Structure formats: C-alpha cells, structure tokens
Amino acid sequence: HNDDGSNMRTWNVHCEGRFLGTVDKDGEESARCAALSKFALTAEEADALDEKGLPILGIAPDWGFDVTPA
C-alpha cells in the first residue's frame, strides 16, 4: 500500500486462458478500461494472427477477459 494516499494496485489481465500482462489502477472498473485500451485488438488483427497460426495475445472483439489483483 502506498503512503501517498492512492489506492493504486496492480491487476493481472487474462483473456481466453492466456496471461496478457498487467495494468496499474485503483479499482476493477478502471483496471478493465485500462486493460482494453492496452490489449484490445481489432477483429482484423485477431484474424491475421489466427491465419498465421500465431497466438492471439490480446482482447479480440466479443472476447471475455478478466482482471484479478496481482
């Protein structure tokens, strides 16, 4: 816990069973917004990765994702 009065905490971001990374926010709603802005993919980007047989490390449209305290 920081002594500067902020409640900033680190959140793990998972989508489709894959760990994408972390975001630092003060609450779950903020963390979800930050996760989307950091990891969101367009349908075209996700399809392009899929066609190459590469893992889709991001949040494609309509995919559920979770944020959990780190």
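Student: Is Leu 20 buried or exposed?

Tutor: Buried means under 20% relative accessible area. Leu 20 has a relative accessible area of 16%, so it counts as buried. Keep in mind that this is a predicted model.

Student: Where is Leu 20 found, and which residues is it in contact with, leaving aside neighbours within four places in sequence?

Tutor: Leu 20 sits in strand β2. Beyond those neighbours, its contacts are Val 13, Cys 15, Phe 39, Leu 57, Gly 58 and Ile 59. Now take a residue that is not on that list. Ala 43 is 23 residues from Leu 20 in sequence, and the two C-alpha atoms are 17 Å apart in space.

Student: Let me step back to the whole chain. How many helices and strands are there?

Tutor: The protein chain has two helices and three strands. Along the sequence the pattern reads β-β-α-α-β.

Student: What box do the C-alpha atoms fill?

Tutor: Along the principal axes, the box is roughly 50 × 15 × 15 Å. Of the 70 residues in the chain, 27% are buried.

Student: What share of the contacts comes from residues far apart in sequence?

Tutor: Take the contacts with a separation of 6 or more. Residues 24 or more positions apart account for 42% of them.

Student: Now the sheet. In what order do the strands lie?

Tutor: The general idea first. Strands of a sheet pair through backbone hydrogen bonds, either parallel or antiparallel. Here three strands form an open sheet in the order β2-β1-β3, with antiparallel pairing. Strands β2 and β3 are the edges, each pairing on one side only. Neighbouring strands are turned by 30° against each other on average, with direction ignored.

Student: Which helix packs on the sheet?

Tutor: That is α1, residues 28–39, which touches β1, β2 and β3. The direction of α1 makes about 125° with that of β2.

Student: How many bridges join β1 and β2?

Tutor: Seven, between β1 at residues 9–15 and β2 at residues 18–25, in the antiparallel sense. Follow the partners along β1. Trp 11 is bridged to Val 23 in β2. Val 13 has Gly 21 as its bridge partner in β2. His 14 is bridged to Phe 19 in β2.

Student: And what happens on the β3 side of β1?

Tutor: Strands β1 and β3 run antiparallel and are joined by five bridges. Val 13 appears here too, standing opposite Val 67 in β3. So read Val 13 from both sides: Gly 21 is its bridge partner in β2, and Val 67 faces it in β3.

Student: Which residue in the β1–β2 hairpin takes a positive phi?

Tutor: Glu 16, in a hairpin with two residues between the strands. Glu 16 lies in the loop between β1 and β2. Its phi is about 55°, although Glu 16 is not a glycine.

Student: What is the phi of Asp 62?

Tutor: Phi of Asp 62 is near 70°, again a positive value in a residue other than glycine. Asp 62 is in the loop between α2 (43–51) and β3 (65–69).

Student: Why does Asp 62 count as exposed?

Tutor: Exposed means over 50% relative accessible area. Asp 62 has 82% relative accessibility, so it counts as exposed.

Student: How many disulfides does a search of the whole structure find?

Tutor: Zero.

Student: Why is there no bond for Cys 15?

Tutor: A disulfide needs two cysteine sulfur atoms within 2.5 Å. The closest cysteine sulfur to that of Cys 15 is in Cys 33, 16 Å away, so it is too far for a bond. Read from the other end, the closest cysteine sulfur to that of Cys 33 is in Cys 15. Cys 15 itself is buried, with 2% relative accessibility.

Student: Last topic, the aromatic rings. How many aromatic pairs are there?

Tutor: A pair of aromatic rings is described by the distance of the centres and the angle of the planes. In this structure the count is zero.

Student: Which arginines lie over the face of a ring?

Tutor: Arg 9 lies over the face of Trp 11, at 5.2 Å from the ring centre. Arg 32 lies over the face of Phe 65, at 4.1 Å from the ring centre.

Note on methods. Residues are numbered from 1 along each chain as its sequence is written. This is a predicted model: local features need pLDDT of at least 70, side-chain atom pairs count only at pLDDT 80 or more; totals for chains, interfaces and linings use all residues. Side-chain values use heavy atoms; hydrogens and water are left out. Two strands pair if DSSP finds at least two bridges between them. Helices (H or I, at least four residues) and strands (E, at least two) are DSSP runs, numbered from the N terminus. Buried means under 20% relative accessible area, exposed over 50%, partly exposed in between (1.4 Å probe, protein chains only). Rings of Phe, Tyr and Trp (its six-membered ring) pair if their centres lie within 6.5 Å; planes under 30 degrees apart count as stacked, over 60 as edge-to-face and the rest as tilted. A charge sits over a ring if NZ of Lys or CZ of Arg is within 6 Å of the ring centre and within 35 degrees of the ring normal. Contact means heavy atoms within 4.5 Å. Axes are lines fitted to C-alpha atoms, for helices over the stretch in contact, and angles run from 0 to 180 degrees between N-to-C directions.
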